[in-house]
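Hi,

Here is the structure I promised to pass along. Have a look at it first, and then read on for what turned up.

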Amino acid sequence: MQAEADAAVRTYDRETWIRLALVFFPVPFIVVLIRLQIEAWGYYVAGGLLLGSATLLFALDSADAAKRDRAVHAAERARQAYDQARTVQDAP
């Protein structure tokens with residue numbers, strides 16, 4: 001269980017950086033590239049895309065964080081059950 005929890009934490013940490021880059025890189029980068037050709041309404045569209053992508057990726061991140069937390073709590077419960085069983089077995 002501890003190995004699964006550690007793997008879940010590593011996966012979450014790795015995917016969080018990817019999601020962060022997906023929120024703050026593509027839309028602003030495209031706006032910077034085409035800033036001289038974009039109309040005024042294009043900035044509103046870009047802002048909406050940025051907010052929409054941030055909201056979507058936040059929802060995905062929240063789901064993955066909950067999954068990670070479940071794995072960590074399961075490992076903690078397994079450790080506590082093991083410790084309790086071991087103390088019962090060691091008792092005279």
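To get you oriented, which helix holds phenylalanine 29? Phenylalanine 29 sits in helix H2, which covers residues 26–33. Please keep in mind as you browse that this is a predicted model.

Let me stay with that residue for a moment. With a relative accessible area of 39%, phenylalanine 29 is partly exposed. Phe29 also belongs to a nonpolar patch on the surface, where Phe25, Ile30, Leu33 and Ile34 join in to give about 490 Å².

Now for the helix pair. Helix H1 takes in residues 2–24 and helix H3 residues 40–90, and their axes come within 9 Å of each other, crossing at roughly 170°. An angle over 145 degrees counts as roughly antiparallel, so that is how H1 runs relative to H3.

Which residues meet where these two helices touch? From H1 the list includes Gln2, Ala5, Ala8, Val9, Tyr12, Glu15, Thr16 and Arg19. From H3, among those that meet them are Leu50, Ser53, Ala54, Leu57, Leu60, Asp61, Asp64 and Ala65.

Arginine 19 is the residue I would like to show you next. It is found in helix H1, and it counts as buried because its relative accessibility is 11%, under the 20% cut-off. Leaving aside residues up to four places away in sequence, arginine 19 touches Tyr12, Leu57, Leu60, Asp61 and Asp64.

What does the charged end of that side chain pair with? In general, side chains of opposite charge can pair when their charged atoms come close. The structure holds 4 salt bridges, and here are the ones that involve arginine 19:

- Glutamate 15: its side chain meets that of arginine 19 in a salt bridge, at 3.9 Å from N to O. Both residues lie in helix H1, 4 residues apart, or about one turn of the helix. Glutamate 15 is partly exposed, with a relative accessible area of 28%.
- Aspartate 61: the closest N and O atoms in its salt bridge with arginine 19 are 3.2 Å apart. This pair links distant parts of the chain, since aspartate 61 is in helix H3 and arginine 19 in helix H1, 42 residues apart. Aspartate 61 counts as buried, at 17% relative accessibility.
- Aspartate 64: its side chain and that of arginine 19 form a salt bridge of 3.0 Å, N to O. Here too distant parts of the chain are linked, with arginine 19 in helix H1 and aspartate 64 in helix H3, 45 residues apart. At 23% relative accessibility, aspartate 64 counts as partly exposed.

Through shared partners, these salt bridges join Glu15, Arg19, Asp61 and Asp64 into one network.

There is another arginine to look at while you have the model open. Is arginine 10 buried or exposed? Arginine 10 is in helix H1, and it counts as exposed because its relative accessibility is 52%, where the cut-off is over 50%. From C-alpha to C-alpha, arginine 10 is 15 Å from alanine 63 in space, and 53 residues separate the two in sequence.

If you would like a place to begin, try arginine 19 in helix H1 and follow its salt bridge to aspartate 61, then the one to aspartate 64. After that, you could turn to the nonpolar patch that includes Phe25 and Phe29.

Happy browsing, and all the best

Key: Residues are numbered from 1 along each chain as its sequence is written. This is a predicted model: local features need pLDDT of at least 70, side-chain atom pairs count only at pLDDT 80 or more; totals for chains, interfaces and linings use all residues. Side-chain values use heavy atoms; hydrogens and water are left out. Patches are made of residues with over 30% relative accessible area and no salt bridge: like charges are joined within 9 Å, nonpolar side chains (Val, Leu, Ile, Met, Phe, Trp, Tyr) within 5 Å. Accessible areas come from the Shrake-Rupley method with a 1.4 Å probe; for residues, only the protein chains shown count as cover. Buried means under 20% relative accessible area, exposed over 50%, partly exposed in between (1.4 Å probe, protein chains only). Axes are lines fitted to C-alpha atoms, for helices over the stretch in contact, and angles run from 0 to 180 degrees between N-to-C directions. Angles under 35 degrees count as roughly parallel, over 145 as roughly antiparallel, 65 to 115 as roughly perpendicular and the rest as oblique. Contact means heavy atoms within 4.5 Å.
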